[in-house]
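Biologist: I would like to learn how to read a protein model step by step, beginning with the way its strands are put together. Could we start from the general idea and then turn to the case in front of us?

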Amino acid sequence: MITFNNVTKHYDDGTVVVDGLNFVAPGGKITVLVGPSGCGKTTSLRMINRLVEPSSGTILLNGESTAQMDVVQLRRRIGYVIQNAGLFPHKTIIDNIATTAILNGAAKSKARARAAELLEVVGLAPQLAKRYPWQLSGGQQQRVGVARALAADPEFMLMDEPFSAVDPVVREQLQEEFLRIQKEVSKTIIMVTHDIDEAMKLGDCVAVLKPGGKLAQLATPGELLNAPQSEFVADFIGRDRGYRKLSFHTSAPLTALQAEPAIEMGATLAQARGISAQRWLLVTQQGKACGWFDTHQQVTVIAPENVNLGATFSPQGGTLRQLLDSALSSPCHRAVVVDEQLAPLGSLALENVLDACKSLTQEAL
Ligand SMILES: Nc1ncnc2c1ncn2[C@@H]1O[C@H](COP(=O)(O)OP(=O)(O)OP(=O)(O)O)[C@@H](O)[C@H]1O
């Protein structure tokens, strides 16, 4: 648990960067600090490991004030991940990861063995161990940054825009992996981002800060969407909050799904028409859902160039938002649910997805 007790930071020129911040980041959870540029997010984070000293107020780790702690000891208890990873350029990847554990007194061989395990945990191939940071992509470097922060097995982790320097696809992968790792390690994490989507996706709790370094609201993502406490929070969360709410509700149970006929890529038009009298037929490739085929087309075989590949598929146990997206992106407005191997399990018509959305809205009222 990390507690902010009336924490303030101002500079000699009179700038008040953080103003009377009070909140508790619960143990074993991810608390995200989000807010517009310059509202004091990074300063708040850096006051926790005392890279910046508060002007007044106290910050407590599990009830113990950081002001009384030895600063080196304090930083060793807290993993720190920053944008662009901040790796040591002259050290190999394995040594980058092992460094903190060695500083904490672990034997080199043990620290390196653990670093090799962590490389795997963050999804990197073992052969990257001997490379240097500049020989890795931005996304790989970020993964090393996370592995390095985990290496000393700290109870607390501070993450400052850890995924913002990579492209959206890699970013999403890193976020998913990060959530998977956190499920296993349950660290007490405070993360800074300016991206509300990232905050909603990763945060168990989200602290919205406003200009002048004041807390506008601290709540779960669902609460923020359902009941923003001020116009500032409502505006910051964005106009599409009705749609975002769907992310916090799991999609239809499998029993609600209709059987959806499917045909393999490479089959003939005659085979396709034999399978279904409907205009649009789901196409699989090696059993994985991949698109929709228009059986009114005059082609002899089903090939990728005559399959509509624009549809999304909703994972089993996914969210209502994914289900709605699948229905809206399908040319026949049927949402297809797939298993982990992407094999289709069945479908749901857009009308039924919308009914589920409606009952959700009624529940919230
Ligand atoms: N040493 C300093 N002296 C005076 N002002 C400072 C100093 N360091 C930071 N600031 C100011 O404090 C404010 C908050 O900075 P901070 O980096 O904490 O904001 P942020 O919310 O993380 O912003 P961003 O999202 O843009 O990174 C900024 O206006 C910045 O200019």
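Modeller: Two strands are said to pair if DSSP finds at least two bridges between them. As a general idea, the strands of a sheet pair through backbone hydrogen bonds, either parallel or antiparallel. In this model, which is predicted, strand β12 (residues 280-285) and strand β13 (residues 288-294) run antiparallel and are joined by 6 bridges. Within that pairing, Leu 282 stands opposite Trp 292 in β13.

Biologist: What is the order of the strands in the open sheet that holds β12 and β13?

Modeller: The open sheet has 4 strands in the order β11-β12-β13-β14, and its pairing is mixed. At the edges stand β11 (262-264) and β14 (307-308), and because each has a single partner strand, one side of each is left without a neighbour in the sheet.

Biologist: If we step back to the whole protein, how many helices and strands does it have?

Modeller: The protein has 13 helices and 17 strands, and its C-alpha trace spans about 75 × 55 × 35 Å along its principal axes. Of its 365 residues, 36% count as buried. Among contacts between residues at least 6 apart in sequence, 60% join residues that are at least 24 apart.

Biologist: Which domains does the assignment give, and how far apart do their C-alpha centres lie?

Modeller: The domain assignment gives domain 1 as residues 2-248 and domain 2 as residues 254-363, and the C-alpha centres of these two domains lie 38 Å apart. A pair of residues can be read in a similar way, by setting sequence separation beside distance in space. Asn 352 and Ser 37 are 315 residues apart along the chain, with 41 Å between their C-alpha atoms, whereas Arg 180 and Asn 22 are 158 residues apart in sequence and 29 Å apart in space, C-alpha to C-alpha.

Biologist: Are Asn 352 and Arg 180 exposed or partly exposed, and why?

Modeller: The idea is to count the other C-beta atoms within 10 Å of a residue's own: 20 or more make it buried, 12 or fewer make it exposed, and a count in between makes it partly exposed. Asn 352, found in helix α13 (residues 350-364), is partly exposed because 18 other C-beta atoms lie within 10 Å. Arg 180, placed in helix α6, counts as exposed because it has 12 C-beta neighbours inside 10 Å.

Biologist: Turning to the interior, which residues have the most contacts inside the largest nonpolar core?

Modeller: The largest nonpolar core has 62 residues, and those with the most contacts inside it are Val 32, Ile 97, Ala 147, Ala 151, Leu 158, Ile 190 and Val 206. Helix α5 (residues 138-151) supplies the largest share of this core, with 6 residues. If residues up to four places away in sequence are left out, Ala 147 touches Ile 97, Leu 118, Leu 119, Val 121 and Val 122. There is also a second, separate core of 24 residues, which includes Ala 272, Leu 281, Trp 292 and Val 338.

Biologist: How many residues surround the ligand, and which element gives the most to the shell around it?

Modeller: The ligand is surrounded by 13 residues, of which the closest are Tyr 11, Ser 37, Lys 41, Thr 42 and Thr 43. Sorted by class, the shell has 3 nonpolar, 8 polar and 2 charged residues. Helix α1 gives the most to this shell, with 3 residues.

Biologist: Why is α1 described as largely enclosed by the rest of the structure?

Modeller: The reason is that 6 of the 8 residues of α1 are buried, and these buried residues are Lys 41, Thr 43, Ser 44, Leu 45, Met 47 and Ile 48.

Biologist: What is the sign of phi at Arg 50, just after α1?

Modeller: Phi of Arg 50 is near 60°, a positive value in a residue other than glycine. Arg 50 sits in the loop between α1 (41-48) and β4 (56-61), and it is partly exposed because 16 other C-beta atoms lie within 10 Å. Glu 161 can be read alongside it, since this residue, also not a glycine, has a positive phi near 45°. Glu 161 lies in the loop between β7 (156-160) and α6 (168-185), and with 19 other C-beta atoms within 10 Å it is partly exposed.

How values were computed. Residues numbered from 1 in each chain as written. Predicted model: local features only at pLDDT ≥ 70, side-chain atom pairs only at ≥ 80, totals over all residues. Helix = DSSP H or I, 4+ residues; strand = E, 2+ residues; numbered from the N terminus. Near = placed C-beta within 6 Å. Nonpolar A, V, L, I, M, F, W, Y, C, P; charged D, E, K, R; others polar. Domains from an automatic or database assignment. Core = buried A, V, L, I, M, F, W, Y, C linked by C-beta atoms within 7 Å. Contact = placed C-beta atoms within 7 Å.
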